[in-house]
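Student: Could you take me closely through one part of this model, namely how one chain meets its neighbours and how a pair of helices packs within it?

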Amino acid sequence: MPESYVELYFPVFLQVLIAMAVAGGMIGGSYLLGRKVKNRIKDTPYECGITPTGSARGRFSVKFYLVAMLFILFDIEAVFLYPWAVVYRELKLFAFVEMFIFIVLILCGFFYIWKKGALDWSQQERPPEER
Amino acid sequence: MQHLWLIPTLPLAGFLVNGLAGRRASKTFVNAVAIGSVFLAFLWTVKTLFALAPLETPHIERYFTWIASGDLRIGFDFAVDRLSAVMLMVVTGVGLLIHIYAAGYMAHEGGYYRFFAFLNLFMFFMLVLVLAANYLLLFVGWEGVGLCSYLLIGFYFLRKSAADAGKKAFIVNRIGDFGFSLAVFLIFVAFGTLDFGQVFAKAASLPVEHTAGLLTAVCLLLMLGAAGKSAQVPLYVWLPDAMEGPTPVSALIHAATMVTAGVYMVARSATLFTRAPLALDVVALIGLFTAVLAASIGLVQNDIKKVFAYSTVSQLGYMFLGLGAGAFSAGIFHLVTHAFFKALLFLGAGSVIHALSGEQDLRQMGGLRSKIPVTFWTMLCAAVAIAGVPPFSGFYSKDEILLAAHHHAPWMYWVGVITAGMTAFYVFRAMFMAFFGSYRGRAHAHESPLVMTAPLMALAALSLAGGKIDVPRILEPVFPRGEAHHSPALVAISVGAGFAGIALAWLLYVVRPALAGALAERTGFLYRLLYGKYFLDEIYDALVVRPIERVSRVLLWRGMDVGLIDGAVNGAGNRAQGIGGVLRKLQSGYIRSYAVWVLAGAVLMLVTVALAGGGR
Amino acid sequence: MSQYYTATDHFVLVPAIMLALFGCAILLFDFWVFPEPKQRKWLLAFLALGEAFAGYGLWQQHTYIAGQGIAELTAFQGSLVVDGFSLFFNWMFIAAASIVALMSYRYLEVEGEHHGEYYSLILLAQCGMYFLASGADLITLFVGLELMALCFYIMVGFLRSDKRSNEAAMKYLLLGGFSSGFLAYGFSLLYGLSGSTKLSEIGVAIARRDPADPVLLLAMVTTTVGLLFKISAVPFHMWAPDAYEGAPTTVTAYLSVGSKAASIAFLLRIFLGPLASARAAWEPLLVFAAIASLTVGNLAAISQHNIKRLLAYSSISHAGYMLLGLVAGNETGIKGVAVYVLVYTFTNLGVFLVIVALRREGLVGDNIDDLAGLMHKSPGYALLMLICLLSLAGIPPTAGFIGKYYIFLSLIQAGRYVLAAAAALYVAVAIYYYFRIVRSMFMSDAEDAGAMETTFGVRVAAALTGLGTLGIGIFPEPFLRFAGQSLIR
C-alpha cells in the first residue's frame, strides 16, 4: 500500500508527462521533418475540392442552433437505452417500467417542442408585437 | 384578571380603524376614534387602578407563553405595580389631553387621519412598554415607540429638514437600542430569565461581590439604551432636531412620554442598578453633565421649540441625576411633574405658533400677552413650575432631586443649582421675548380655539398643583424611602437661584432689551459656541455618519448604481453613450469578473485552511 | 413492486412524483387542453391540485413517521430519507410555491409574458427542492440541485423582451454553472475519499481520516464554495443582486425563499452529515463567510434605490445569520436556522408580494419611490409591508425576531459572545435601510393616484404571508416544536 499522496499519484504524474512528451514530440517532429509549402491555394479552406465562395463568417439562422441542440438532447437521452438493454435481463419488469416512464417523459418534451414550433423550419419569423 | 390588555389594545384598535379606513372618513369620525380610544384607555386605567388598590405588590397577568425553550419561559405578560401605575396615569392622562389639543392644532393639516393613526399607534406601544412584565416585551414597546417617533418626526416629509431629523433620530436611537439589546442578552445569560420579578429576585439573592462586574456591564449597557431613548449625552443630538415634527408630537412623544421611557426603564431596573454602584455613578454623571450642557445651549436659542427641546434634554438629565443619586422616586416624581409642565410649555408654544400662522422665531414675537391671554397665563403657570418657584410642582420634584444629589455628592448639588438658575433664565427669556415688549412680527395674532386652550388650562392646573401629588410616598412599596434629607438652607439656595435666573431674564429682555445684544457681542466666542450647540452635530457627522455612508458605497465594488447616477448628472448627451458603455461592459466583462471573485474566494478559503492545517 | 422499487420507496417518492407529473401535465395541457389565454387559470388550478396531492403525500409521510415513532424512513437503499428535517422543509416549499403561484397570475398578465410553462417550472423546481431536502446521496442531491437550478435559470429570463431579465438569466446561468463545477469537483473528491456516494458512509470514512489530509481539505473547500454560492454568501454573492433585480419579481420571490431554503437544507445535510467530523476545518470558513455576508449585505443595502436590489443585499445578510446558527452548531443553533428559514420564507414572500401587487401598466414598482404614499393608496398592503419589514429587521413581536432570537441564543450558549455582539450590531444597521422603505410608504404622498388592482389570488397570498409573519411571531410555539423535530442529529 503506498503511503503518501506523492507515491499514490506518481504513476498518474508519469502518465501526464509521457502524454505531453508524445504530443509535443509528434507536433515538433512533423514541424522539423515536414516540407513547408506556403501559397494562396494551399491556405484556402478545404471544402471537398470546391472553390470557397464568400466569407466563412456568415450569419446562421438561430433555428440552426436550436435544432442542433435539440438533436444533442435527444441523442444523449438515447444513450441511456444502451446500458438499459445490457441490464434488462437482470432487472426484468422493473427495468421495463422504468424505461417506459423515461420514454414518456422524453415524449412529453418532444411534444412540447413540436407544438411550440421549434422543429418547424418553414415557419416565418413572427413580428415582435405578436409575442 | 383585570384585563390589563385592554389598555393598550384600545389605542391599537383606534390605529387600525383610522389607518385602514380613515382616508375616506370625515374628520369628526377620525377624531372620535382617535380621542375616544385614548379616553377609553384612560377610563379603563383608572377603573383598573381603583380595583387593584392599594397595589402594594405587583399585579401580574400572564396571557400566554410567547417563547419557551428548556427552563426559559418568556410570556406575553403584563404587570402593574405602583411605578407602572404612575406611568400609566401620566401616559393616558397627558396623552388624552394632547390628543384633544391635536384635534384643534392639526385641523388644517393634510394627512389628518394618518397623524392620528400614528399617534394612536404610539399610545399602544408606549402602554405596552409601561405594562410589560419582562425585558423582551418592554423591548417591543421600546422599538415600537421609536418607530412611531420616526414616522411622526418626519410627518412634514416635504420639508427636507423634517426628513433628515427623522433619519437622525433613527440612527442615534439605533446605537442606544444596540446597547439595550446587548443588555437584555446579558441579563438572559446571567439569570436565565427575562421576567422582571425573577431577574430582580435572582440579582438580589446573589452576593454583591459575585455579580458586581456583570451587573455593572448590564447596567452600563442599559444606560446606553436609556441615553439613546431619553436623549442623554452623548446621544442627545436627535431630540432638538425632532422638533421638526408637529407640536403635539413634540409635547406627547418628545417631552412627556417617550423620552422618559429611558428614565422609567432605569427606575424599573433599580434593583440591578443599586447593586452596581459604579453604573449608578455613571448615570448620575451623565445626567448632571447633560443637564448643564443642554441648559447652556438653551440660553441662546431663538426658536421657541428649540429652547424647550434643550430644556427637555436638560430636565431629563435632572431625572437621571436623581436616579443616579439613588433617589429613584425623586426621578420619577420629576418625570411626572415634568410631563405636566413641559407638555404645557410645548402645547403653549404650539398655540403661539398657531396664533402667528407658523412663526417659531422668538425674535419675531413680542407683546403677545394681551393678544393671546389664555396661552400666556397657562404658559406662565408652566414657567413658574419649571423654574422651581414654590409652591408649584417643579419646586417639589426638583428639590427632592437636588437634596438627594447633595446627600450623594455635594458638588453635584451646586452644579444642579447653577443649572436650575439657567433653567429659570431661559424659560423666562422665552416668555419675556414672546409675550412682553412690543410685537415685532407681521402676522395677525389670534387666540386658539377652545379645543386647544382647554387642555392648556387642565395642564396648567396640574403644573401648579401637581407637586401636591406625593409621588415618592405613592412609590414607597417600590422604592423604600431612605431617611429624609431636609435642609431649608439648601432649598432656599436652589429657589434663590431660580429667582435670580428670572430676575436676570427680566433685566435683559424687559427692562434693558439692548443689554442682551451687547452681552452677546461682548462674549462673542462663548455665544457662538453655545449658539452653534458646541458644534457637536458637525463633529458627529464627520466622525460617524459620513464614514459609514462611504463604506456602503465602496462596498458596491462595481459601482453600477454610482455609474448611472453620475451619467445622469453629466448631461443627456453623455448619458446615452455612458449607459451603452456600461451595458456593453456588463455583457462581456462583468460575468468574468464575478467568476474571478468566486475563484478568488475559493483560493482564499483554500489557503486559509491549508495554513491552519485543518484546524489542528 | 420489486426489490428495486419497494412500497417504501414509492411511499417516499410520492410527493416528487406528483410534482413532476403535474409539472409535465401543465406543460402539455398548455397547448393541448387549454390553449386559449383565458383558460390559463385552469393551469393555476392544476398547479394547486399538484400541490394538494404532493401535500397529501407529505402528510401521509408525516403521520406515518409520527405514528410509528421512528426518526427517519430511508428509501432506495438509503439514497432518499424522510425525517423531520425533510418534512419541515418540504412543507415550507409547498407553502412558498403556492404563494408564488398565487401572486404570479396577474403579474405575468401585466408583463405580457403569461405562459403555461411558468407554472410547470414552479412545480419542477419544487421537485428539485424535494430531492435537496430529502436526498442522502451525493448524486441524488446533485441532480436535485441541478433540476432546481435549471428551472430557475429559465424563470429568471422569463421576460424575453426585457434586456435586464435576459442579462440576469445569462449571468445566473454562467455563474451557477461555474459554481456547480466546484460542487461537482468537491463531490467527486468526497467519493474518491470514501468510495461511496452515500452521505452516511462518506461521514464514516471521513471521520477515520486525518483531519489535515490535503485532499480532504480540498474536497471540503470546493464543496463549501459550491454551497455558499447557492445561498449567496459573501464572497460568492455577486450574482444575487443582478439576478434578483433582473428576474420577474415573482421569480425573485421564489428564488429568494425557495432556492435559498433548499440550498440551506442541502448545506445543513452536508455539513452536519459527512463533514461533521471536519468541523474544526470548516468552522472558520463559515465564520468568515457569515461575517462577510453580514457586512457586505447590510452596508451595501444602505445605498440602494431599487427595492429588489436592496432585498438581494438583505437576503445576503440573512444568509449570514443562517450560517451563524450553523457555526454555533448546538441544538438551539440548528433549530434556529430552521426557524429562521421558515420565518424568512413567509416574510420575504410578503415583501415581494407587495412589490408584485404594485406592478401595473406603466409602473414597475421596484423603486423605493414607487412605494411612496402606499398608505394612501392601499393601507392594507402598507400594513403588510410594515409588518414584513419589521420582521426582516427582527423587531418583536414579529416572526423575524423569533428567528434572530434563536440564532443569538445559540451563539451565546456556544460561548461566542463576539459573534453575537457583531450580529446584534448589524441588526441595528439593517433596521436603517428597511425603514427607508417604511418612510417612503407612510410619509410620502403618492406620485400617482392610481389605485392598486389586485386579484383574489394576490389577496389570499397577502393574507397568508401576513398571518404567517405575525402568527409565528406571536404564537411561535407550534412552529418551534416542529422545527425542533427537524433537528438532524
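Tutor: What follows looks at chain C, from its partners to a helix pair inside it. This is a predicted model, in which local features need pLDDT of at least 70 and side-chain atom pairs count only at pLDDT 80 or more, whereas totals for chains, interfaces and linings use all residues. Residues are numbered from 1 along each chain as its sequence is written, and chains are lettered from A and ligands numbered from 1 in the order in which they are written.

Between chain B and chain C, 49 residues of chain B are in contact with 56 residues of chain C, contact meaning that C-beta atoms, placed from the backbone, lie within 7 Å. On the chain B side, the largest share, 14 residues, comes from H26(B), where helices (H or I, at least four residues) and strands (E, at least two) are DSSP runs numbered from the N terminus. That side divides into 30 nonpolar, eleven polar and eight charged residues, with Ala, Val, Leu, Ile, Met, Phe, Trp, Tyr, Cys and Pro counted as nonpolar, Asp, Glu, Lys and Arg as charged, and the others, Gly among them, as polar.

With chain A, ten residues of chain C are in contact with ten of chain A, and helix H5 (residues 93-115) of chain A gives the largest share of the chain A side, seven residues.

Within chain C, helix H13 (residues 331-358) and helix H18 (residues 456-474) pack at an angle of about 145 degrees with their axes 9 Å apart; axes are lines fitted to C-alpha atoms, for helices over the stretch in contact, and angles run from 0 to 180 degrees between N-to-C directions. The residues of this contact divide into nine nonpolar, six polar and no charged.

Technical notes. Two residues are in contact if their C-beta atoms, placed from the backbone, lie within 7 Å.
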